[in-house]
Amino acid sequence: MKAHEHGNHAATFDRDRASSYDGHVHRMWAGYGAMHQVIAEVIAAALPDKDTASLLMVGIGTGSEVKPFARYAGAGVRFTGVDPSSEMLAVAREKLAAEGLLDRTSLHAGELRDLARGPLFDGAQMIGVLHHLPGEEARLDLLREIAGRLKPGAPFVIGCRVGDDPLLRAVEERRLFADGRPPEAAEQMKKAAASMRIPASDDEVFALLARAGFTAPRLIFCELHLKTWVTRYEPSMFGA
C-alpha cells in the first residue's frame, strides 16, 4: 500500500508524487476508502471513551486515515501521525486543514522511535508498513515500539500485504496499467515487490504480534494481498 514507509523509501516521494498518491491508491485499491471506514468504525467501537481518545497513526502518509474518525469518534479525539516522508506530511497538513482536522492532529516527520515519549495512547493503527521492513527483527522492534506507547487493552489495527498469489498479482498489474502507467511500470513493480519482505502467511504476522504483546488478531478487511486485523495490547503477553 504505502511504499514510502521506513528506510530510504521516504526519499522517493517528491512533492508531485506525494500530491498524486491519493488518486493513484484509490484506483489501485478498489476498497481503499471502505477499508479506512471499517478501521475507524472498529477502533471507535473498541475505545472505552470514543469522545476523548488519543490515537497513534504510524505511516500516516497524506492523512486519509484521519477523516473517517470524524464520523465515528467524538470531536475530542486527537491524532498523532508519524511518517518518514516530509512531502507526504506536507500534503497531509493541507488536506487536514481543509477538512478542519488539523487542530486535532499532530504530525511528525521521521521514525516512530524518534517521537518524544508522552502519555500512552488509547489506540493505534499501522497500514501498509510492515511489508516494507527488511526482516523479522525490524518488524518486531517496530511492533514493540508501538506496544510500548499504548495503554493496556488498547486496540491496534494493522494491515499489510501477505503472500504472493499469481492470480491476485495479475489483478494488481492490470490495475497498474489501467492507472495509465507506461509498460515499463510492470518491471518497476516487480523490482519493488522483490525489495519487499512480504510475510508469507497470516501465521507469520500473528507470531510477531504475539511476541510484541498483542492478542490474537481478528480479520476486519481483506482485498487481494492486503489483509487488515484488529488486536489489543496486553502487557502480560510481552515476550510470549
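Which side chains does a polar contact of 3.5 Å join? They belong to His-132 and His-131. Keep in mind as we go that this is a predicted model. His-132 sits in the loop between S4 and H5, and with a relative accessible area of 9%, under the 20% cut-off, His-132 counts as buried. That loop is a handy place to begin a tour, so let's take the strand on one side of it and then the helix on the other.

Start with strand S4, residues 123-127. S4 is mostly covered, with 5 of its 5 residues buried. You can check this one face at a time: Gly-123, Gln-125 and Ile-127 are buried on one side, and Ala-124 and Met-126 are buried on the other. S4 also has strand partners. With S1, which spans residues 54-58, S4 pairs in the parallel sense over 4 bridges. To find that pairing on screen, look for Met-57, whose bridge partner in S4 is Gln-125. S4 is joined to S5 as well, again by 4 bridges, and these two strands run parallel. Here the residues to look for are Ile-127 and, opposite it in S5, Gly-159.

Now add the helix. Helix H5 covers residues 136-147 and strand S5 covers 155-161. Together, S4, H5 and S5 make a right-handed β-α-β unit.

These elements turn up again when you look at what fills the inside. The largest nonpolar core has 29 residues, and the members that touch the most other members are Met-126, Leu-143, Ile-146, Leu-150, Phe-156 and Phe-214. Two or more residues come from each of S1, S4, H5, S5 and helix H8 (202-211). H5 gives the most, with 5 residues. For a view from one spot in this core, try Ile-146. Setting aside neighbours within four places in sequence, Ile-146 is in contact with Val-58, Leu-112, Ala-124, Met-126, Phe-156 and Phe-214. There is also a second, separate core, made of 28 residues, including Trp-29, Met-35, Ala-40 and Val-77.

Next come the aromatic rings. Searching the whole structure turns up 4 aromatic pairs. In one of them, the ring centres of Phe-156 and Phe-214 are 4.9 Å apart and the planes meet at 35°, so this pair counts as tilted. Phe-156 belongs to strand S5, while Phe-214 is in the loop between H8 and strand S6 (218-223), so the pair ties together parts that lie 58 residues apart in sequence. Both rings belong to buried residues: Phe-156 has a relative accessible area of 0%, and Phe-214 has 1%. Tyr-233 joins in too, forming one aromatic cluster with Phe-156 and Phe-214.

Another pair has a different partner list: Phe-206 and Trp-229 meet edge-to-face, with 5.4 Å from centre to centre and 80° between the planes. This pair also links distant parts of the chain, since Phe-206 is in helix H8 and Trp-229 is in strand S7 (residues 226-232), 23 residues apart. How covered are the two partners, buried or partly exposed? Phe-206 counts as partly exposed at 26% relative accessibility, whereas Trp-229 is buried at 2%.

Strand S7 leads us to a hairpin. S6 and S7 run antiparallel and are joined by 5 bridges. One spot to look at is Glu-223, which stands opposite Leu-226 in S7. The hairpin has 2 residues between its strands, and Leu-224 takes a positive phi near 55° there.

For a last stop, go back along the chain to Asp-51, in the loop between helix H2 (32-46) and S1. Asp-51 is partly exposed, with a relative accessible area of 44%. Not counting residues up to four places away in sequence, Asp-51 touches Gly-74, Ala-75, Gly-76 and Val-77. Val-77 is a residue you have met already, as one of the members of the second core. Asp-51 can also be placed relative to Arg-78: the two are 27 residues apart in sequence, and their C-alpha atoms are 9.4 Å apart in space.

How values were computed
Residues are numbered from 1 along each chain as its sequence is written. This is a predicted model: local features need pLDDT of at least 70, side-chain atom pairs count only at pLDDT 80 or more; totals for chains, interfaces and linings use all residues. Side-chain values use heavy atoms; hydrogens and water are left out. A nonpolar core is a set of buried Ala, Val, Leu, Ile, Met, Phe, Trp, Tyr and Cys residues joined through side-chain atoms within 4.5 Å. Buried means under 20% relative accessible area, exposed over 50%, partly exposed in between (1.4 Å probe, protein chains only). Contact means heavy atoms within 4.5 Å. Rings of Phe, Tyr and Trp (its six-membered ring) pair if their centres lie within 6.5 Å; planes under 30 degrees apart count as stacked, over 60 as edge-to-face and the rest as tilted. A polar contact is a pair of N or O atoms within 3.5 Å; within protein, one must be able to donate a hydrogen and the other to accept it, and residues adjacent in sequence count only if both atoms are side-chain atoms. Two strands pair if DSSP finds at least two bridges between them. A crossover is right-handed if, with the strands pointing away from the viewer, the path from the first strand over the helix to the second runs clockwise.
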